[in-house]
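Please open the model in your viewer and keep the selection panel at hand. The stops below follow one another, each with something to select and something to look for.

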Amino acid sequence: MTVLTGYLGAGKTTILNGILGAPRGARRYGVVVNEFGEIGVDGELIVGADEAVVELANGCLCCSVRGDLIGALETLLARDAGLDAILIETTGLADPAPIAATFLLDDDLSDHIRLDGVVCVVDAVHLAESIEGDPAVAAQIAFADLLLLTKADVASPSQRTEAEGIARALNAAAPLVHVTRGAVDPQALFDLRGFDLRGPRNRFVAAPAAVEPSRHQVSSLALTTDRELDPDRFMSWMQTLIRRSGGDILRSKGVVALSGENRRFVFHGVQTMLEGDVQEPWPIGDERRSRLVFIGRNLDEAALRDGFAACLAPEDGSSASEGRSAAAA
Ligand SMILES: Nc1nc2c(ncn2[C@@H]2O[C@H](COP(=O)(O)OP(=O)(O)OP(=O)(O)O)[C@@H](O)[C@H]2O)c(=O)[nH]1
């Protein structure tokens, strides 16, 4: 399942139509369209009448109609349990974090459907203006696993550069792809594995050490260290952090080297939800470098750095409670 976000008029339906109109072999798609308003129009605008389309009007997925989302997905599955992919087009006002959390929290649903990724459609012409007016825009960009920049055909060079700069400042890790009038390779949107602990992509590598906090209160922070982390301290720090600040931390993810463990510990968090697991051993010859990324509103960078530094295992192999941390990079 792929969630398509992006501000009002950014080009979500156009991209959805581009995907549905592209050759797909035997692949079968299901579509959920969410609209904010009494009368759903977007469902009418979706091409390909043979698509399984469920429309959710009169509310926004991220707040009032979350239960309806679950109902819509169940309807799709009841009609065709063999769908290869489900695309959800959210309203332009939706905050993707609660949508992802709702889905991940529903065990029945997540037994049958895998949340693959969140794609944000970014309007090159209007981004600078819309982001000033609505904080949801920054959250949508920051949260995404893939950014699709639209309307480059009509944006001025300075609008394009500014839009790219804003998107990159909010989310340096997600690939940014230019899309004109919905012409996108559907493969670019599928198999993102944004929430898959075993995903092949290691996008943590792509994140820079830190991204400047933007004017929009949403920023991301990457923490790395070549020192091992003490398992107890790390787990307790993460749990406390997510419990206390989960509403502001929209997304957290990381690959961690724990002392006494030769496998990689990988975790994913969406707001107050956190899951993690030990994975395959660190590749031979690869340094055991821990990398964590936090994306959120009003991130307290100093507190995060301090908390992380306090999780470092002592270098001499003595017990964690004896050792004090060195600074984390
Ligand atoms: N020039 C140009 N116009 C585009 C592009 N992508 C979308 N549009 C136009 O932008 C307008 C809005 O596109 P939609 O696809 O309806 O946008 P949306 O995000 O689904 O809109 P809402 O559902 O209202 O949030 C339409 O007139 C599209 O034809 C593009 O790459 N270039």
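**From one strand pair to the ligand**

Begin this tour of a predicted model by selecting strand β9 (residues 249–256) together with strand β10 (residues 263–270), which run antiparallel and are joined by six bridges. Within this pair, pick out S252, which stands opposite G269 in β10.

Now widen the selection to the sheet that holds these strands, an open sheet of five strands with antiparallel pairing, whose order is β8-β12-β9-β10-β11. At its edges you will find β8 (218–225) and β11 (273–281), each of which pairs on one side only. If you look along the sheet, the twist from one strand to the next averages 10°.

Next, add the helices that accompany the sheet. Helix α9 (residues 231–245) lies across β9, β10 and β11, and its direction runs at about 170° to β9. Then select helix α10 (residues 301–309), which packs on the sheet where it touches β8 and β12 (290–297), its direction making about 20° with that of β8.

Finally, leave the sheet and select the ligand with its surroundings. Which residues come nearest to the ligand? Of the 16 residues around the ligand, they are G11, K12, T13, T14 and G92. Display helix α1 (residues 12–21) as well, since with three residues this helix gives the most to the shell around the ligand. Colouring the shell by class will show three nonpolar, eight polar and five charged residues.

Note on methods:
Residues are numbered from 1 along each chain as its sequence is written. This is a predicted model: local features need pLDDT of at least 70, side-chain atom pairs count only at pLDDT 80 or more; totals for chains, interfaces and linings use all residues. A residue is near a molecule or strand if its C-beta atom, placed from the backbone, lies within 6 Å of it. Helices (H or I, at least four residues) and strands (E, at least two) are DSSP runs, numbered from the N terminus. Ala, Val, Leu, Ile, Met, Phe, Trp, Tyr, Cys and Pro count as nonpolar, Asp, Glu, Lys and Arg as charged, and the others, Gly among them, as polar. Two strands pair if DSSP finds at least two bridges between them. Axes are lines fitted to C-alpha atoms, for helices over the stretch in contact, and angles run from 0 to 180 degrees between N-to-C directions. Two residues are in contact if their C-beta atoms, placed from the backbone, lie within 7 Å.
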